[in-house]
Amino acid sequence: MSIDNSARQSLTLAGRPMSSPLKDVRALSRQMVGHFVENVIPCGTLPADAISGDVTTITRVCLEFAVSMLDGQDIPEKLQRLQDAASSWAREGVPIDTIHHSIHEGFKMGLDLVISDASIKDYDSLVDGAKMVLEMLDMISSAVSVAYIRELRAVVSEHHTAVHTLTSALLGGHSTSTMARECGIAIATSYAVLAVAIPPHREEHNPMLDSQVVARRKLRRVQAELATRCGDSALSLLSVDGGTILIPAATFDNAGYDALVIQLSHAAQVGITATMIDGTPEQIPNAADQAHELLDMVQRLEAVPGLYRFDELALEYQLTRPGPGREYLGQLLDPLDEHPELLETLQRHIANNLNRQRTARVLHVHTNTVDYRLKRIGQLTGFDPSQPSGLWYLRSALVARSYRTT
């Protein structure tokens, strides 16, 4: 960024250059840094070498920048030094609001020094000086923000790539210790492996909207919520319709994982279904396969959204394994083929945890109709859904039936 010198003149105040009070930049920069440490709270948390090094140096550069502009001189190299510093701060995690607050605090101190001896006769110079100060702040703030955001995006991209690579390695069963050190991510002794299904957002079906944009926004909300709840500890490979999440097992208790899925659902604005299996890093490939098989079964059963664990569905999972038992159970519901409303009622009733009222609401029928259909199911299949033994066979038959054509 260059300044047009032909349009710039040295500003004076009370008969002397307006930059005069700022000329001793070394002494003034030390004074300003002391003020930052005392009054800009986050600055006090920076390491001593950062205070005595980068912060002091850049404060001096800002003062030199101000002096140069007030004297009508070109200062592109000073802006470049500010941008280099901003890039460094972004990588080190110094908050950008702290940087901007410090810059403005420094300008306030400098302005107090510049106008301390001004009188009414200096009105025109003060007006020109005020405009100059706004121009300085605009140039510095823009230069710092652009460099900071550019570097931050690079840092985020590097971290995302590292997380993606490490997650893929864990899921693939590859050695991860060296990779983890390079990524700066610690490998936990045990993980909760979550297979996740994210259904379409209602606006993805709106012909007036770009469905891909709606889906990506949904995914970003899920990723942001996951980062909020788990920090950097969660490793994930997610697309707009789901994927796999690895969370150090000790991060939450059982209730905490249930709550996490609910929170992710709220963020996505859709009901998320997830299954979970624990495993050591070496067990993750098999645990992920098993979790996704379990998720597939839960979806085939059209279960309500939420988190499902293997121990809750171990019997149903076993029924998905090929064999004569699955074939036999899969045929039990054949008498309902000519009565699709009965098959749907059975599916909904089981998915709703046998809640007649909820099933009736979903099917838009009266509860008496649900009772009648359940009775007819018992008559046609020989298994009464109102009895535990009959319900067990019918539920098992639904699982087995969903795998007959695959």
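**Exercise 1. In this predicted model, helix 12 (residues 340-351) and helix 13 (residues 356-363) pack against each other; describe how they are arranged and which residues make the contact.**

Solution. Begin with the two quantities that describe any such pair: two packed helices are described by the angle between their axes and the distance between the axes. For helix 12 and helix 13 the angle is about 130°, and the axes lie 9 Å apart. The next step is to name the arrangement, and here the cut-offs are needed: angles under 35 degrees count as roughly parallel, over 145 as roughly antiparallel, and 65 to 115 as roughly perpendicular, while the rest count as oblique. An angle of about 130° therefore makes helix 12 oblique to helix 13. As for handedness, the crossing of these two helices is right-handed. Finally, the contact itself is made on one side by E344, T345, R348 and H349 of helix 12, and on the other by R356, T359, V362 and L363 of helix 13.

**Exercise 2. Work out the layout of the open sheet that five strands form, and state which strands lie at its edges.**

Solution. Start with the order of the strands, which is 4-5-3-6-7, with mixed pairing. The edges are strand 4 (235-239) and strand 7 (306-309), each of which pairs on one side only. From one strand to the next, the twist averages 20°.

Now go through the pairings, remembering that strands of a sheet pair through backbone hydrogen bonds, either parallel or antiparallel. Strand 4 is antiparallel to strand 5, with five bridges between them, and L238 stands opposite G243 of strand 5. The connection between strand 4 and strand 5 is a hairpin of two residues. Strand 5 also runs antiparallel to strand 3, to which seven bridges join it; in this pairing Y191 has P248 of strand 5 as its bridge partner. At the other end of the order, strand 6 (residues 273-279) pairs with strand 7 in the parallel sense over four bridges, and M276 is found opposite R309 of strand 7.

**Exercise 3. Which helix packs on this sheet, and which strands does it touch?**

Solution. The helix is helix 8 (residues 254-268), which touches strand 3 (191-197), strand 5 (242-248), strand 6 and strand 7. Its direction makes about 140° with that of strand 7. One of the strands touched, strand 5, is mostly covered, with seven of its seven residues buried.

**Exercise 4. The structure holds three aromatic pairs; classify the pair of F383 and Y393 and the pair of W392 and Y393, and say how far each residue is buried or exposed.**

Solution. First take F383 and Y393, whose ring centres are 4.9 Å apart and whose planes make an angle of 20°, a stacked pair. This pair links distant parts of the chain, since F383 lies in the loop between helix 14 (367-381) and helix 15 (388-401), whereas Y393 belongs to helix 15, ten residues apart. Turning to accessibility, F383 has 18% and therefore counts as buried, as the cut-off for buried is under 20%. Y393, with a relative accessible area of 32%, is partly exposed. The second pair has ring centres 5.1 Å apart and planes at 85°, so W392 and Y393 are edge-to-face. W392 has a relative accessible area of 39% and is partly exposed. As a last step, put the residues together: F383, W392 and Y393 form one aromatic cluster.

How values were computed:
Residues numbered from 1 in each chain as written. Predicted model: local features only at pLDDT ≥ 70, side-chain atom pairs only at ≥ 80, totals over all residues. Heavy atoms only, no water. Phe/Tyr/Trp six-rings, centres within 6.5 Å; stacked < 30°, edge-to-face > 60°. Buried < 20%, exposed > 50% of the residue type's maximum accessible area, 1.4 Å probe, protein only. Pairing = 2+ DSSP bridges. Axes fitted to C-alpha atoms, helices over the stretch in contact; angles between N-to-C directions. Contact = heavy atoms within 4.5 Å. Left-handed = near helix turned anticlockwise from the far one by under 90°.
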